[in-house]
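Colleague: I am new to this structure and should like to go through it by question and answer. May we begin?

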Amino acid sequence: MTLLVNILGLAAAAFIVWWFWLSKNRPEVKAGDGALDIIVDGGVYEPSVIRASAGKPLRLRFIRKDKNPCAEKVIFSGLGVSADLPLGQPREVGFTPENPGEYEFTCQMAMYRGKLIVEPARQ
Ligand SMILES: [Cu+2]
């Protein structure tokens, strides 16, 4: 019985790794001048990969549909940005990423995962 539980646990872990890191069909969206809507539901940010330009103000509007309290916060690690996301109420998060690079944004327990790709400013 314990062995079965271990196997199931391993399978679940492998699936999670595949889902988050290897699954290639994650839509990628380029941020424009207006606010970009991001739906928070079902364990994923939609879209979850966002391209932005360094030095250009970025406006993201999170729309949280997931009741799970863990989804109530979004944290941009490496950027010092975080925000509370009220349920069913759009919450705009605005900041200007100054340095090019890749930044993860997650919920409190990092179940929700997104990536912000900041490209160097065009000359
Ligand atoms: Cu979470």
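Colleague: Is Cys 70 buried or exposed?

Modeller: The model is a predicted one, and the answer rests on a computed relative accessible area. A residue counts as buried under 20%. Cys 70 has a relative accessible area of 9%, so Cys 70 is buried.

Colleague: Which residues coordinate the copper ion?

Modeller: The donors are SG atoms, at 2.0 to 2.1 Å. They come from distant parts of the chain, 37 residues apart: one from the loop between β5 (58-64) and β6 (73-76), the other from the loop between β9 (101-106) and β10 (113-119). Cys 107, with a relative accessible area of 1%, is buried. The copper ion is coordinated by Cys 70 and Cys 107.

Colleague: Which residue in the loop between β9 and β10 has a positive phi?

Modeller: Most residues other than glycine have a negative phi. The residue in question lies in the loop between β9 and β10 and has a phi near 60° although it is not glycine. With a relative accessible area of 25%, it is partly exposed. The residue is Ala 110.

Colleague: Where is the peptide bond that is cis?

Modeller: Most peptide bonds are trans. This bond has an omega near 0°, and its proline is placed in the loop between β3 (44-46) and β4 (49-53). The cis bond runs from Glu 46 to Pro 47.

Colleague: What is the angle between the planes of Phe 62 and Phe 105?

Modeller: The model holds seven aromatic pairs. In the pair of Phe 62 and Phe 105, the ring centres are 6.2 Å apart and the arrangement is edge-to-face. Phe 62 lies in strand β5 and Phe 105 in strand β9, so the pair ties together parts that are 43 residues apart in sequence. The angle between the planes is 80°.

Colleague: Which residue forms a stacked pair with Phe 105?

Modeller: The two rings of this pair lie 4.9 Å centre to centre, with 25° between the planes. The partner belongs to strand β6 and Phe 105 to strand β9, 29 residues apart. Both residues are buried, and they stand opposite each other where β6 and β9 pair. The stacked partner of Phe 105 is Phe 76.

Colleague: Which residues form the aromatic cluster?

Modeller: Phe 62 and Phe 105, described above as an edge-to-face pair, both belong to it. Phe 76, stacked with Phe 105, is also a member. The cluster consists of Tyr 45, Phe 62, Phe 76, Phe 95, Phe 105 and Tyr 112.

Colleague: Which residues make up the uncovered face of β6?

Modeller: In a regular strand the side chains alternate between the two faces of the sheet. In β6, Val 74 and Phe 76 make up the covered face. The uncovered face consists of Lys 73 and Ile 75.

Colleague: Which residue forms a salt bridge with Lys 73?

Modeller: β6 and strand β7 (residues 81-84) pair in the antiparallel sense over four bridges, and Lys 73 has its bridge partner in β7. The closest N and O atoms of the salt bridge are 2.8 Å apart. Lys 73 is partly exposed, at 26%, and its partner is likewise partly exposed, at 43%. The salt-bridge partner of Lys 73 is Asp 84.

Colleague: Which strands stand at the edges of the open sheet?

Modeller: The sheet has four strands in the order β3-β2-β5-β8, with mixed pairing. Each edge strand has a single partner strand, so one side of each is left without a neighbour in the sheet. The edge strands are β3 and β8.

Colleague: Which residue in β8 meets Arg 59 in a salt bridge?

Modeller: β5 and β8 pair in the antiparallel sense over five bridges. Arg 59 lies in strand β5, 33 residues apart from its partner in strand β8. The N to O distance is 2.7 Å. The partner is Glu 92.

Colleague: How far apart in sequence are Arg 51 and Glu 119?

Modeller: Their side chains meet in a salt bridge, at 2.7 Å from N to O. Arg 51 is in strand β4 and Glu 119 in strand β10, so far as the chain is concerned distant parts. The two are 68 residues apart.

Methods. Residues are numbered from 1 along each chain as its sequence is written. This is a predicted model: local features need pLDDT of at least 70, side-chain atom pairs count only at pLDDT 80 or more; totals for chains, interfaces and linings use all residues. Side-chain values use heavy atoms; hydrogens and water are left out. Donors are N, O and S atoms within 2.8 Å of the metal (3.2 Å for Na, K and Ca); water is not among the atoms, so sites may look incomplete. Buried means under 20% relative accessible area, exposed over 50%, partly exposed in between (1.4 Å probe, protein chains only). Rings of Phe, Tyr and Trp (its six-membered ring) pair if their centres lie within 6.5 Å; planes under 30 degrees apart count as stacked, over 60 as edge-to-face and the rest as tilted. Two strands pair if DSSP finds at least two bridges between them. A salt bridge is a side-chain nitrogen of Lys or Arg within 4 Å of a carboxyl oxygen of Asp or Glu.
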